Amino acid sequence: MTQLDTPVPDTATPPLAIPKGDSRYLLETKGIAIRFGGVQALGGVDFRVAPNEIVGVLGPNGAGKTTFFNCVSGFASPNEGRVFIKGEDVTALRPDERVIRGLGRTFQQVGLIRSFTLLENLLVAHHHKVAYGDGAGMFGMPWARREERELRRRAMEVLEFFGIAHLAHRTLDGMPYGMLKLCEVAAVMAVDPDILMLDEPLAGMAPEEAAEFCDRLLVMRDQLNISIVMIDHHVPQVLRVSDYVFVLSFGKLLAEGRAEEIRTNPAVAEAYMGEGATTLD
Ligand SMILES: Nc1ncnc2c1ncn2[C@@H]1O[C@H](COP(=O)(O)OP(=O)(O)OP(=O)(O)O)[C@@H](O)[C@H]1O
């Protein structure tokens, strides 16, 4: 129950003014728009993530969800609009510079090195962050071995949290898809993000596996004190675990609100279920 537990603030921006971020939000976008040739993939999306909440992003195929994630995480450059992390304008920053500021994400395809062990994958993820961050240049320094030991200890802690420490020294070759997805989330958590962005984490999972994965997200929100943004087509699970939901359709925000409001929003029901539908059930 967050989005700061207050009504949505008036974010209207005076004409010609450069939009400013609101530092109460971990993540915020204002007016994000992007075109690919003749396709207007996003047409001005405003979005917010408050501390300690799970935010769902729904929308039919081609609505612009992945493109939106790419704009937020720095893998695509919007033609218009701004992205803010904790009130700081990061629109011009590279993906790794956004990681340092607390943004971690997964991709639709599992983004791990399958010939590496699980522990090695977590260390690689962490090295990517450190190599660009405050600790740049630390490897090769006399104290690097101590740091390396500390990284391993922390990586093992993350694996223990996810209940997969027994897999630390196994390569990922041949692992079931659901387990790979969990390993990928653990690898992103190894970089200690404040905001975890998950792109279709439930795709390819059996219903019980998806429910279990979502239960774990609730535990992560409550015990690790992070916010999670999740795109997924599995509407019932997204509505079950999200504190707040944004629905995209044809690159625009069709609706936003708490899960119950979205479930019974006729415009959302029509976008998903066809003309005449009034709820998502
Ligand atoms: N690199 C690109 N070049 C051209 N068009 C693109 C590109 N990326 C996305 N699009 C188009 O932008 C629109 C939004 O695509 P996007 O993949 O973001 O939707 P989505 O909501 O994530 O869809 P899905 O649920 O099927 O993954 C689509 O019309 C898509 O064809």
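Start by selecting Leu-58 and Val-247: Leu-58 sits opposite Val-247, which belongs to strand 9. Keep in mind as you click around that this is a predicted model.

Now widen the selection to the two strands involved. Strand 3 (residues 54–58) and strand 9 run parallel, joined by four bridges. Colour strand 9 (residues 244–249) by burial and you'll find it mostly covered, with five of its six residues buried.

Stay on Val-247 and look at its other partner: Val-247 also stands opposite Ala-255 in strand 10. Strand 10 covers residues 252–257, and its pairing with strand 9 is antiparallel, over five bridges. Follow the chain round the hairpin between these two strands, where there are two residues between them, and stop at Phe-250, which has a positive phi near 50 degrees.

Next stop, another sheet. Show strands 2, 1, 4 and 5: they form an open sheet of four strands in the order 2-1-4-5, with antiparallel pairing. Strand 2 (39–49) and strand 5 (88–89) are the edges; each has a single partner strand, so one side of each has no neighbour in the sheet.

Zoom in on the strand 5 end. Strand 4 (residues 80–85) meets strand 5 in an antiparallel pairing over two bridges. Pick out Ile-85 here, and opposite it you'll see Glu-88 of strand 5.

Finally, bring up helix 1, residues 65–73. Helix 1 lies across strand 1 (27–36), strand 2 and strand 4. Turn the view to line up helix 1 with strand 1, and the angle between them comes to about 120 degrees.

Technical notes:
Residues numbered from 1 in each chain as written. Predicted model: local features only at pLDDT ≥ 70, side-chain atom pairs only at ≥ 80, totals over all residues. Pairing = 2+ DSSP bridges. Contact = placed C-beta atoms within 7 Å. Axes fitted to C-alpha atoms, helices over the stretch in contact; angles between N-to-C directions. Buried ≥ 20, exposed ≤ 12 C-beta atoms within 10 Å, placed from the backbone.
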